[in-house]
Structures are given as C-alpha cells and as structure tokens.
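Reader: I am new to this structure and would like a close look at a single part of it. Please take one sheet and walk me through its strands and whatever packs against them.

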Amino acid sequence: MTIDEGLKSELQKQGIFLTSLQDLYNWGRRSSIWPMQFGLACCAIEMIATACARYDIARFGAELFRASPRQADLMIVAGTVTKKMTPQIVRLYNQMAEPKYVITMGACSISGGPFREGYNVLQGLDRYLPIDVHIPGCPPRPEALLEGIMKLQKKIDEQKLWQLEWYQKGIRREFPVPAFGPHGLVPRYNAEVFDPLKGNIGTVKPEKEPEFSHGTA
Amino acid sequence: MEPLEAIQKQLEEKIPGLKLTPEGAGFLVDRKDLLTVARFLKENEPYKMDYVSNLCGVDYKEYLESVAYLYSMEKKEGPILLKVRVSREDPKVPSLTPLFRGAEYQEREAYDMFGIIYEGHPDLRRILMWEEFVHYPLRKDYKPEDQDLLEDEKQPPEAIQGGK
C-alpha cells in the first residue's frame, strides 16, 4: 500500500502528519548512516576532508565514524585494495551488522585504477562484495563523496520492507573470505556476486511480495 | 671523498687477491669478496662507511644484480656502490645484515621481489607478499595472473609460469 503524495501534503498543511511504517523506517536509516573509520590510501584524505567542517558530512547524518565494524552501517572503501588486504576487508564486512552498505571510493577500489595490471592489486572490490555505490575519481573530490552518500540515501529510501535482504530466509550473512594462493587470491572472485563478462551482477532479490506481508502499515 | 680509482687502488692493495671493476659510482664485486670489501670500507679510515642507505635487486634478464649504497655517517660522505652479479639459476649473495643491521628489511624485500637469496641473513622470508606466493613479481619474466579466470586449470600456461 502506498500513500498518495498529494493527500499526504494536503493533510500536512492541515497539521496532520501521515506516513507509512516503511517511510519512517527508511527515513530513520537514511538519516544516520554511520561509516566505518577505514582508509586505505590517498582517497582517505578526501574522506577526512569530507568529514571536516568545510564539507561537513554531518549534514547527512553520516558524521559518526566508528572504529568498529560492529557499530557501522557503511563501509567507505577509500583507497587501493591490495590482494593482501582483501581478506581483511571481506572479514570486516562480514562482521558488520545488518543493514550494511558499501561504497567504493576512487578508481582503485572500483577496478584497480592505475595499478590494475600490477601483481599486488585487486581488480575491483566488487569481485568479493556487493557494492551499493561506486564513486569514480582519482581521488574523488569531497563533493563527489557527498553525492555518493546522497545516492545511497536515495537507494535506502526506495527499499521495500518486505524485500529487504536481511529479513529474508536463508540470507547470506557470511561472504567467503578469499585465501592466499600460490599465484594470487583463491578464488579470484566470488561467482555469486561477480561475473567478469557482465561486471557486477548484484545480489538477487525476491521478485514478488511474499504472502506473510508485513510491508506497510 | 677520494676518487674511485684511488679507493680501488687502496682496496686492491690491502685485500690480497681482490679484483674490482669500477661501475657507475661504485664497484662490481665478486660475491665471495663482498663481505670483505664491505667490512674493510666500514672499519677503516678514511672511509668509515657505516650506513647502508639503500639495498635493492635489479633484473638485467641475463643476470640478477644486488646493489648496496654505502654512506658514511661519521665522515658525511658517500655513496660507494657495491654491486654483485649473480646468475638466475644460482642467485646467492652474501648478506650484509651481520655488518649493517639496516640491511635486514631491504634484503628481505629484494628476496621477495627478485628471489635473490642472501646467505647469512638471520630471517630471510617474504616481507610484502604472502608466504604462499611462489613467484618473484619484479623479475622480467613474471606475468601477473588473469584475475578474470576463476580456476587455475583454465589459466593459459604462459600466465602461470614466470618466477620460480
């Protein structure tokens, strides 16, 4: 069930605030995305600048950088992801509580960037984790990071309660942590989230609303 | 600092049986003489080369080279380069770590990247790559893996070879 936008604004003028549980729920989550304090390279400098007074990420409710994955909602992967660092990143992601989101910031974490052909750099973190927003740039300016956070907020706004991954049965809470192999990481990508021919195939969401709908109020 | 020719003359006079080849800002040393030469430069006036500022490997395809930059903190002089050439099949070089503690990590890095084995090193293992890695990635014949292939068997053989 959705509330007619016209009716909503009309009632609001009369001093009646009408909303759905879903809107309230999404509003709450989108307005306090706590990022994980986590910088890998030069992009982290831009991330720090975004958190400081001039750009002020606090305007979007995302100013509380947590030093623990258990308390964070958002992982901003700011910088070059080396093969040696990848298992730690996947492990940190597994340790984050649902709901959790990932932003890859900068060319390196998206695709390997200028180090793509090197022996030590992962060709994009989307090989192992589902990524919500990619922010290209080398490094992206703070404005770009803010735009990325706004995009993520938009994505959260559009989520349906009954489709939310973390309420589904058989949800995958553990993403396999790659191991160090003789030539590189084993496996080279997680086939469930990544297809090298198509790029990121994303996570599968249920097509239709299940019978036990608790979606809207 | 004295000119290189004078240093070479001095070294060959003091160390019997030593043959040095001037090369760039230093000498090409046979690997069996490296420790003797380095110790002589470290302990004797007027050189007092007590500091290794840089130690690295080089791959010249036909051979591998280990280059050490010696400086003198006491005299504020340097550098003198000591280069050792070894074959790819037998890449063994005596370690400078017993003489200069600062060479320890740099020798580990040269071992990690080029596979040069420093004999006498107290703790020679990989420093940047993981222990399971079998290649030496800065060697010219190393080819990085194709990260788009999921299984190793599907890798073309030329992508797997290289390194060891």
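Author: Two strands are taken to pair if DSSP finds at least two bridges between them, and with that in mind the sheet of chain B can be followed strand by strand in this predicted model. Five strands make up this open sheet, and they are arranged in the order β1-β2-β5-β4-β3 (chain B) with mixed pairing. At its edges stand β1 (21-23) and β3 (51-59) of chain B, each of which has a single partner strand, so one side of each is left without a neighbour in the sheet. From one strand to its neighbour the turn is 25° on average, direction ignored.

Within this order, strand β4 (residues 64-72) of chain B and strand β5 (residues 77-86) of chain B run antiparallel and are joined by eight bridges. One place to look for in this pairing is B:Y69, whose bridge partner in β5(B) is B:L81. In general, the strands of a sheet pair through backbone hydrogen bonds, either parallel or antiparallel.

Two helices of chain B can then be placed against these strands. Helix α2 (residues 34-43) of chain B lies across β4 and β5 of chain B, and its direction makes about 175° with that of β5(B). Helix α3 (residues 103-114) of chain B, in turn, lies across β3 and β4 of chain B, where it runs at about 5° to β3(B). Strand β4 of chain B is thus a useful point to return to, since helix α2 of chain B lies across it, helix α3 of chain B lies across it as well, and eight bridges join it to β5 of chain B.

Technical notes. Residues numbered from 1 in each chain as written. Chains lettered and ligands numbered in written order. Predicted model: local features only at pLDDT ≥ 70, side-chain atom pairs only at ≥ 80, totals over all residues. Helix = DSSP H or I, 4+ residues; strand = E, 2+ residues; numbered from the N terminus. Axes fitted to C-alpha atoms, helices over the stretch in contact; angles between N-to-C directions. Contact = placed C-beta atoms within 7 Å.
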